[in-house]
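Here is a quick tour for anyone meeting this structure for the first time. It looks at the DNA contacts, then at the pockets.

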Amino acid sequence: MQPPLPDGIIHLPMCLSAEEQNALLEDIRAIVAEAPLYTPRMPKTGKPMSVRMTNCGSLGWVTDKENGYRYQDTHPFTGKSWPAIPDRLLALWEEHSSYPHPPEACLINFYEQGAKMGLHQDKDEANFDAPVLSVSLGDDCLFRIGGSSRGGPTKSIRLSSGDVIILGGEGRLNYHGVDKIYPNTSPLLKNGGRINLTLRRVTSL
DNA sequence: TAGTACCG
DNA sequence: GAGA
């Protein structure tokens with residue numbers, strides 16, 4: 001018997017201790033050294049996003065002008081396979097997702113001061129049964145969540161370093177985005193900014 | 001419409 | 001700055 005899958009929007013404040021956050025940060029630094037952050041571009045228009053990205057896992061989420069949103073198994077600039085997902089993130093997934101298979105993708109988003117992420121759905125996966133698990137590191141942000149269709153009411157919450165958000169079940173396809181980074185609100189990143197890690201199951205299983 | 005402008 |  002398995003525990004039930006998380007349902008709705010679940011916010012776990014201070015899910016990770018300062019020590020865990022620092023250890024995770026070291027893992028991320030090693031990944032970024034191998035798979036550098038790059039500036040993704042919007043489909044068709046080619047407009048740059050303000051957030052820089054990279055991935056770890058067997059698949060990574062990418063976007064560019066020519067081919068749009070998709071998952072692929074290599075870094076778009078180096079052409080190399082993505083680095084493996086760190087064990088501590090796999091453990092976090094096991095603890096909180098209740099999903100019987102490991103995540104395939106971990107999108108790493110880096111927000112510097114002024115960076116934003118418009119309201120969107122995570123819907124490029126073939127699997128909507130598995131929850132999406134997101135980890136915040138570094139400066140606080142204003143996170144906005146709506147319903148599963150555009151144009152409805154939204155609510156905003158402030159996320160801090162070490163917080164975990166789970167979008168599962170009825171909340172899996174809810175719109176969400178980042179309106180603002182609050183500068184100098186965390187000592188974790190010496191140069192400031194915010195890192196978001198998003199763990200996802202891409203294929204069905 | 002994973003951005004941006006603009007309105008209040 | 002916040003919400004649609």
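## Before we start

Helices and strands here are DSSP runs, with helices (H or I) at least four residues long and strands (E) at least two, numbered from the N terminus. Keep in mind that this is a predicted model.

## Around the DNA

Let's begin with DNA strand C. Its surroundings are made up of Leu 142, Arg 144, Gly 151, Gly 152, Pro 153, Thr 154, Ser 156 and Lys 180. By class, that's two nonpolar, four polar and two charged residues.

Which parts of DNA strand C lie within 4 Å of the protein? Sugar or phosphate accounts for 75% of those atoms, and bases for the rest. Thr 154 has a polar backbone atom 3.3 Å from a phosphate oxygen of the strand. Two side chains join in: an N or O atom of Ser 156 sits 3.4 Å from a phosphate oxygen, and a polar atom of Lys 180 is 3.3 Å from one.

## The largest pocket

The largest pocket takes up about 640 Å³. Its lining counts 34 residues, with Met 117, Gly 118, His 120, Gln 121 and Asp 122 nearest the centre. Strands that each give at least two residues to this lining include S5 (105-111), S6 (117-120) and S7 (132-138). Sorted by class, the lining has 16 nonpolar, ten polar and eight charged residues.

## The second largest pocket

Next comes the second largest pocket, at about 240 Å³. Among its 13 lining residues, Leu 25, Arg 29, Phe 110, Leu 189 and Ile 195 are closest to the centre. Helix H1 (18-34) and S5 each provide at least two lining residues, and H1 has the largest share, with four. The class split is eight nonpolar, two polar and three charged.

How values were computed:
Residues numbered from 1 in each chain as written. Chains lettered and ligands numbered in written order. Predicted model: local features only at pLDDT ≥ 70, side-chain atom pairs only at ≥ 80, totals over all residues. Heavy atoms only, no water. Near = heavy atom within 4 Å. Polar contact = N/O pair within 3.5 Å; in protein donor to acceptor, adjacent residues only side chain to side chain. Nonpolar A, V, L, I, M, F, W, Y, C, P; charged D, E, K, R; others polar. 1 Å grid on protein atoms, 1.4 Å probe; cavity = no way out; pocket = protein on both sides within 12 Å on 5 of 7 lines; lining within 4 Å. Points joined across faces, edges and corners; volume = space filled by probe spheres on them.
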